[in-house]
Amino acid sequence: LESSNLDLIVRRKLTKYALGGTIVDAYGNPVPGVRVSLPEYSVTDTTNAYGRFELHVTADSQRMVDLIAQKQGCQTVHLSPTLGDSGVNFSVKRTR
């Protein structure tokens, strides 16, 4: 076989992963309306009235990802959770 006629097909197994948790304030109260995103997957969710969020992605491996949580009046939070983790619970601080 000549190298110019050789096609290499690589198949990766893709898996669906969920990533979720709860965001609270300094007093343990749920914070609704926080925009939570995984930039490399272009997925975003907004926390509900109970501070819960859930993101769904398809990836070739379970690994750490960059998560950003933002809300006006609060400090932006950057975390590195693992895909598949349903217990990403953390607090946000008011900027005042």
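Modeller: Before we start, one working definition: two strands count as paired if DSSP finds at least two bridges between them. And keep in mind that this is a predicted model.

Colleague: Fine. Which residue in β5 is the bridge partner of valine 36?

Modeller: Start with the strands themselves: β2 (residues 35-38) and β5 (residues 67-70) pair over three bridges, in the antiparallel sense. Follow valine 36 across to β5 and its bridge partner there is alanine 69.

Colleague: And which residue in β3 does valine 36 stand opposite?

Modeller: β2 has β3 (residues 43-46) joined to it by four bridges, and the two run antiparallel. They make a hairpin with four residues between them, where serine 42 in the turn has a positive phi of about 55°. Within β3, valine 36 stands opposite aspartate 45.

Colleague: Moving on from alanine 69, which residue is its bridge partner in β6?

Modeller: β5 pairs with β6 too, again antiparallel, with three bridges. For alanine 69, the partner in β6 is valine 77.

Colleague: So which strands stand at the edges of the sheet?

Modeller: Lay out the order: the open sheet has four strands, β3-β2-β5-β6, with antiparallel pairing. Two of them have a single partner strand each, so one side of each lacks a neighbour in the sheet. Those edge strands are β3 and β6 (77-79).

Colleague: By how much are neighbouring strands of this sheet turned against each other on average?

Modeller: Take the sheet in its order, β3-β2-β5-β6. Ignoring direction, the average turn between neighbouring strands is 20°.

Terms used: Residues are numbered from 1 along each chain as its sequence is written. This is a predicted model: local features need pLDDT of at least 70, side-chain atom pairs count only at pLDDT 80 or more; totals for chains, interfaces and linings use all residues. Side-chain values use heavy atoms; hydrogens and water are left out. Axes are lines fitted to C-alpha atoms, for helices over the stretch in contact, and angles run from 0 to 180 degrees between N-to-C directions.
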